[in-house]
Amino acid sequence: MIPYWLLGRLWGLNPLRTRNEARRFVSRSLAQLPHPDGLQMHDLPRETLRRAEPERMAAVSAQLLDALRPAAGWHALPEQERGFLQGLAYHLRQAGRPDELGALLRDMRFVVARLADHGPTALEADLAIHASTHPQDEHTRELTVLVRQESHLLTGPGLSATDVAVTLDSRLRGRPLTMTPGPDIPLRARHPLPDRDDGTLLRSVPIRADGGSAEFMEAHPSLPLLATAGYGPAVSIHDTRTWRVTGSIEIPGAVISTARWSPDGRWLALLGDTDRFTERPRAQDPEDVDTRTFVFALSVVDPHTGAELDVLPVPGRGWSDGTPPEFTWAPDSRSLAVIRLEREVHRWEPGSGKDPGPLPGPPDDGLGAWDTLDWHPAHGLLAHAAGDRDTEGALLHWTDPDTRRAPSVWRHPEFRGDGTGLRWRPGGSTAVLTARGRWMLAFPRTRRVFTHPDNSCRTRAWWSPDGTALAGLDGRSAELISWRVPDDAEIARGAAPHRVPGGVQPGNFVAINENIVWQPDRTAIATALDRKTLKLWRPMTSRAAERPPVGHGLWRAAWRPDGRALAVRDGRGEWRTTERGLPLTGLPARADPPFWVPRDPQWNVGETLRELGESREGESAHGRNVLVEFAPGERAYAVARWMEPLRVVSTDLGVHPLPLPENTWRWAALCFTPGGDRVIAAGRRGDHTRLTQWSLTADAPQTSATHWVADHSAPATPPIEHIWRITADDTHLALIANPRLIGLFDLASLRPLCWLRTNSPVHDAAFSPSGEELAVVGEAGPYLFSVSP
């Protein structure tokens with residue numbers, strides 16, 4: 001759309017005459033009016049003009065550029081005219097000014113304005129236009145890589161232009177990029193951040209907004225489409241060429257746990273909790289599998305319209321009945337096989353009006369629960385039975401499910417245990433089974449099993465589309481690893497799969513329903529971060545991002561009093577001391593902290609409460625409902641219990657109850673200022689976060705307080721799900737929260753100065769004694785920032 005204000009500026013006409021001239025274009029079928037504020041040229045006359053009169057079109061672009069360019073630069077366009085940035089790169093190219101575009105892409109002010117106004121996709125489009133005229137420009141190539149890798153950090157609700165500038169500046173560290181400096185920012189990274197993904201990461205794509213979640217994803221069998229399922233919305237369809245959302249399906253109240261394309265690509269089968277079917281009362285006899293408490297809905301929908309073809313209630317499985325049952329499509333896309341009641345496989349033809357019926361069962365029992373299955377177009381249906389402590393597990397094989405022939409039963413000790421995945425090899429006759437945290441290759445026809453001593457797999461293993469490789473998350477390191485698998489004939493002659501050197505630490509602390517997705521051309525593997533961001537990785541590479549194993553990250557940070565060293569504690573309780581936040585590799589570990597590290601009252605809060613005489617009978621000391629924090633030198637301490645006033649006990653001032661106007665907040669974090677004269681508390685209530693600061697000086701009223709309250713359903717602040725830590729110096733406050741968020745506040749007013757999003761969870765922060773530096777620690781390691789006065 002071309003807005004009227006832009007046409008008026010180009011034609012030199014007032015608003016009324018501009019609209020009249022625009023109507024002439026419409027009357028001659030040269031344009032249309034899709035919006036009351038502008039017109040849109042038809043494609044044919046626009047392209048005809050571009051090809052027939054390129055010099056004239058170049059002159060028009062030049063006239064527009066000269067009329068609109070602010071004296072301070074394109075980043076300073078007035079709010080009403082910011083939309084012109086969407087076409088700025090195009091007009092610069094058409095006007096024959098590609099060097100001006102190249103200079104803009106090196107200007108921090110312009111790049112931040114572009115990201116803040118229109119997002120990473122818009123900036124990537126500008127970079128592509130510049131690359132078309134300067135294909136060898138190294139800066140354009142490197143900035144494109146950065147935008148693709150870190151796009152999920154540079155956009156999102158509640159992020160201001162300052163937040164984008166802080167994040168972009170931090171992500172430039174360690175990259176071969178030189179930008180024209182922008183305005184001062186409150187927080188600046190001193191070193192390359194430890195959570196950067198190296199060249200193995202191809203692209204990051206937000207697939208759910210905050211408040212939504214993606215629980216499963218699967219690629220279309222033949223088209224460049226990816227379905228992600230969960231909630232907010234229930235289903236999204238993404239074009240994997242552009243990563244734009246081409247469609248979505250809303251199912252009110254539904255949480256979809258699994259989505260499977262039919263083999264012909266016409267339908268999506270969705271399994272999830274929709275509250276659609278009434279839950280049944282729990283059986284008195286736990287061995288009675290005919291009664292289950294949790295009922296899932298298995299529906300088949302048109303992925304383009306969301307129209308439902310049919311739906312089937314399916315009982316849950318597992319000891320709590322809350323585990324979604326497994327299902328698979330028949331190769332002809334007309335029916336599905338579903339495990340029901342953990343002892344039967346039922347065949348269901350959606351849309352036929354027929355009730356599902358069980359396939360013939362095995363002649364013997366005692367196989368344990370059936371948990372996973374898959375259907376091959378040539379080799380039939382295969383299901384896994386877990387066995388129990390006294391019996392082996394088994395694979396049940398229906399070579400032709402269309403007949404009433406019972407399945408063959410293949411028992412084997414390696415099959416014992418809960419199965420999390422079973423997949424036939426594409427184009428082969430073997431299957432990969434994941435059970436008890438290991439994967440194995442099974443040959444149903446020859447009844448051979450191939451296992452490997454180093455095949456630990458935290459999730460199910462997934463075949464590449466051509467069947468030549470397997471990928472999954474390693475059970476020990478949580479790395480994304482891959483294995484090259486010889487063809488079936490070679491394995492029969494003794495060849496063995498081998499692991500590809502290296503691996504990727506994708507940062508998946510909760511795997512996306514234990515699945516990953518290969519790109520159809522096998523050039524990339526998709527995982528998800530925090531169920532909101534899809535990450536696309538280059539497979540089969542020995543180069544890997546260097547991150548510590550999941551769970552071994554850092555949880556505590558404390559500066560030495562002279563500010564020249566930082567002590568950090570990892571997830572195993574071991575301490576290391578590093579010089580000003582430099583890498584920890586090779587540093588010796590110690591069980592006890594350095595003598596100058598203040599004790600952490602939350603490390604054993606129950607013992608701390610007893611020592612202070614603050615414990616209560618029957619109160620759990622393991623939850624987060626009781627917080628204790630010491631002032632420097634332990635001259636005072638604060639105790640906060642949910643829904644109760646905060647209490648501060650001081651050796652100088654005695655006991656201070658510090659109530660809020662209403663005591664309905666769940667306290668989340670506490671801290672004192674370095675002088676111990678102020679205490680700050682963070683509280684949570686629903687979607688709201690509240691920071692409150694009290695003065696503890698003798699001449700100040702005990703109710704004197706400063707507040708900051710954020711409603712995270714509003715766009716002014718990034719959504720906060722959980723607060724890990726707040727810490728303060730004399731002028732600033734830092735807030736550490738999920739999802740992967742660092743906030744910096746002015747202490748006097750509790751006004752947010754900036755927010756910084758990270759790739760990995762962060763847990764703690766500490767200001768240096770001078771207040772000029774902020775150290776943050778988390779799963780990826782230490783972060784070190786300079787703080788502007």
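This passage describes one helix and two groups of paired strands in a predicted model.

Helix 8, which covers residues 120–133, has 14 residues and reaches 21 Å from its first C-alpha to its last, close to the 20 Å expected at 1.5 Å a residue. Its buried residues are Pro-120, Ala-122, Leu-123, Glu-124, Asp-126, Leu-127, Ile-129 and His-130, and these pack against several elements, namely helix 5 (85–94), helix 6 (98–104), helix 7 (108–118), helix 9 (138–150) and strand 5 (201–206). In an α-helix there are 3.6 residues a turn, so residues three or four places apart point the same way.

Further along the chain, 3 strands form an open sheet in the order 33-34-35 with antiparallel pairing. The edge positions are taken by strand 33 (554–559) and strand 35 (575–578), each of which pairs on one side only, and neighbouring strands of this sheet are turned against each other by 25° on average, direction ignored. Strand 33 is joined by 5 bridges to strand 34 (residues 566–570), and in this pairing Arg-556 stands opposite Arg-569 of strand 34.

Strand 46 (residues 741–746) is mostly covered, with 5 of its 6 residues buried, and takes part in two antiparallel pairings, one over 6 bridges with strand 45 (residues 732–738) and one over 6 bridges with strand 47 (residues 751–757). Towards strand 45, Phe-745 of strand 46 is the bridge partner of Leu-733, and the two strands form a hairpin with 2 residues between them, where Arg-740 in the turn has a positive phi of about 50°. Towards strand 47, Leu-741 stands opposite Arg-757, and this hairpin has 4 residues between its strands, with Leu-750 in the turn showing a positive phi of about 55°.

Terms used. Residues numbered from 1 in each chain as written. Predicted model: local features only at pLDDT ≥ 70, side-chain atom pairs only at ≥ 80, totals over all residues. Heavy atoms only, no water. Pairing = 2+ DSSP bridges. Axes fitted to C-alpha atoms, helices over the stretch in contact; angles between N-to-C directions. Expected span 1.5 Å × (residues − 1). Buried < 20%, exposed > 50% of the residue type's maximum accessible area, 1.4 Å probe, protein only. Contact = heavy atoms within 4.5 Å.
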